[in-house]
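Here are my notes on this model, point by point. Please read them with the coordinates open.

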Amino acid sequence: MKIYGDNEKKSYIRLRSKQTVLPLFIIIPVVLAYLFGMTSFAETIYPVPPLKRDVTTEEETVNRPVVWIDSVIFTGSTATVMVSGKNANIIMYYLMVQEAGKTAPEAEALKENGMKNKDGVFLIPQLTEGVEYEFFAAAMDDDGVLSKVVSKAGTASLARNIEIMGKSYSGLQSKEEIADCTNTPVEITINGGNGKKVNSIEYIIADTFVSSEGMIEAIAVKTQDVTTTDGTSSVNFSKWSRYDPNNKPTLIKNMVNYIYVKITDGDGNIAYISSKGIWEDETLPLASKIEDDAKETSAEVLVEGSDDESGILYYYLLVKDPIDVSTVDSQTVKKKGMKNTDGKFKVTGLSKRTRYELFSVTEDKAGNISEVKSGTMTTAGDPSAASVPGGSSKPSSAPGSSSNVAERTEDISIEDVVGETTQTGVPYIESATEGIAIGKKTSGWEKISSEARDAITGSEMVINMNGNMAVPDFALEAIEGRDVNYYLKIDDQYTIMINGLSVLSNPRGIDVRIKRKSEKISSELITRVAGVYPYESFSLNEDDFGFGVSVAVNLGEVNAGRNVDYYSYDETENSLDSLQTFVADDKGIVIVPALYKTDYLMVIRGSSKNTTEEIDEPVVIEADAGSEFANEPRGSNKVWIFVVTTFCAFVCITILLLTGNKKDKK
């Protein structure tokens, strides 16, 4: 054991005091730094991970597509599977089907061995009835990144249905409704399912709608009188007729046909199915009257008609100059005339004090065309007054005029004077694929529709709306069910795109107004989603177009190649739902779907192909204390940290030195 003298002991105590006190004066500033929010200095002593905002998680999610199965719809042994995705520019969807209970495939195996397409809609035939299947889906983006595999199960149903005019009916109809009209005999196909399970298939055809099994049996035991235009004929429905696939029944002429089917299986079980009404109408409608109210250069013409069967669908009117002596038949009036659904026509661009010939026909819902009804009208005014500058007697027609007056001379046609100046509110074809007229010759929806009806598959027409935001029903009918495209140019930034294949039968007129800069999405909500990134918002005026449309948005060449995150606004939740990420093309145009009436937001991220500017860094959003978006703690000030630390260290050393010197002197 060592024994220290007094001097040695004092020196040892002073040394221990210095070793104990000095670290305290170093630790104290660090503690103060934490207490007063000076975390930058504190973190140099003890680093902590920075706070992360939701944007980081969002960016990681965007790098991997997310996919889900919307629905699996069985029609007998066929299944239709709809797959959707988001958070990436998805270029391909993959699907695989196997019996339930088997091992799920990996994404790579799904890509290599599964079905694939770009729209996510898969048709899977020849499934075994009554077997449960599991459907596996995945997607890949344009960077080659695969999503996780998702699945959905379902059981193939028994294929029992009535097929007629391209429609399928697989259950009892609950509402009286006319589904189709035809003017030609149509066969009825009945599917009873797997032949081993079906003992008999029987049917009746009636002009009466019923919705229960008991009422169907009541119809089957009595005779019905079917009234037709040929008189009253008795049709015996006193018993069920056995269905023969080699000698299929057809619709009964000139009546509404409701088909009722009874299927009996091998165990004696009975199933009933029925169809909606189909009107087999071979009776011509009637064009009965033409009335006119002619002014100097315009006229209002009323066409009347009737149809006791399926009813009138369209009225047509053709206005001709008497000099034109070409033959007029019902098909000519339909092809060259104006068309509407109420028979009220406004004709413009006429000459003063001139006699015109009027021709009209009607078309019923089954497609029958009436005989031609003719008449004449004479406009008022001074016959010497010229309608065209230069004293020509040629009638003038403003762009979009419904006048279809024929040529007066061989060297001048009505199309030559239509659209010399663009009249606001009158649309015209600005550009189109080969074979379609453009410019002043196409002013007005009647002429646009005429070009559309004659357009071949794959045709495209850019229609300058010219301030007109209404598209009439007959313009949509001109492309109905065909691969013909309307590009409705609203202005230099917005264009609405409609493909005829998406237009259902008997479409109604639509309103294509677009409101720019959403009034419903708050700036606060936009800031939370967009941050400092540029954005564009818009909303549609139409509640429901009745078919799918897309909107092409010109974001400018400065944004060419950039990613555009697309959101829809949920007004009930006051939130923005992420739909998909798109990429602007070389001109800065992005095409987005507009599924329903709401407000939409596009946030432009990423770097442009036209600039070296990078804007993909995390967004710093200014926020108040406590905000979930604040990623910088309060009170960061490295200068004050340095001053306080230096001062504390100086005081510490001074005190220790002074204390030590006094004790040494003693």
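1. Start with a loop residue, bearing in mind that the model is predicted. Ser459 sits in the loop that joins α8 (445–454) to β27 (460–464). Despite that loop position, Ser459 is buried, with a relative accessible area of 2%. The cut-off for buried is under 20%, so the label holds for Ser459.

2. What does the side chain of Ser459 find there? One of its polar atoms lies 2.7 Å from the backbone oxygen of Ile456. Beyond neighbours within four places in sequence, Ser459 is in contact with Thr433, Ile436, Asp483, Val484 and Asn485.

3. Val484 and Asn485 come up again at Ile498. Setting aside neighbours within four places in sequence, Ile498 is in contact with both of them. Its other contacts on that basis are Leu476, Ile479, Tyr486, Leu488, Val503, Ile510, Phe547 and Val549.

4. Ile498 also belongs to the largest nonpolar core, which has 44 residues. Which members touch the most others? They are Tyr486, Leu488, Ile498, Val512 and Phe538. Two of these, Tyr486 and Leu488, are in contact with Ile498. Another core, of 18 residues, lies apart from this one. Its members include Ile162, Tyr203, Ile205 and Met255.

5. Next, helix α10 (residues 523–530). Its buried residues are Leu525, Ile526, Val529 and Ala530. Seen down the axis of α10, they fall within an arc of 115°, so they line one face of the helix. Ser523 and Glu524 are exposed on the other side.

6. What does the buried face of α10 pack against? The buried residues meet four strands: β33 (535–540), β35 (563–570), β36 (575–583) and β38 (599–605). Check the backbone just after α10 as well. Gly531 takes a positive phi there, of about 60°.

7. Last, Tyr356, in strand β24 (residues 355–364). Is this tyrosine buried or exposed? Tyr356 is buried, and its relative accessible area is 0%. Its side chain still has a polar partner: it reaches the backbone nitrogen of Ser351 at 2.9 Å.

8. One longer-range pairing involves the same tyrosine. Tyr356 and Asp321 are 35 residues apart along the chain. Their C-alpha atoms are separated by 5.2 Å.

Technical notes. Residues are numbered from 1 along each chain as its sequence is written. This is a predicted model: local features need pLDDT of at least 70, side-chain atom pairs count only at pLDDT 80 or more; totals for chains, interfaces and linings use all residues. Side-chain values use heavy atoms; hydrogens and water are left out. A nonpolar core is a set of buried Ala, Val, Leu, Ile, Met, Phe, Trp, Tyr and Cys residues joined through side-chain atoms within 4.5 Å. Buried means under 20% relative accessible area, exposed over 50%, partly exposed in between (1.4 Å probe, protein chains only). Contact means heavy atoms within 4.5 Å. Helices (H or I, at least four residues) and strands (E, at least two) are DSSP runs, numbered from the N terminus. A polar contact is a pair of N or O atoms within 3.5 Å; within protein, one must be able to donate a hydrogen and the other to accept it, and residues adjacent in sequence count only if both atoms are side-chain atoms. The arc is that of the directions from the helix axis to the C-beta atoms.
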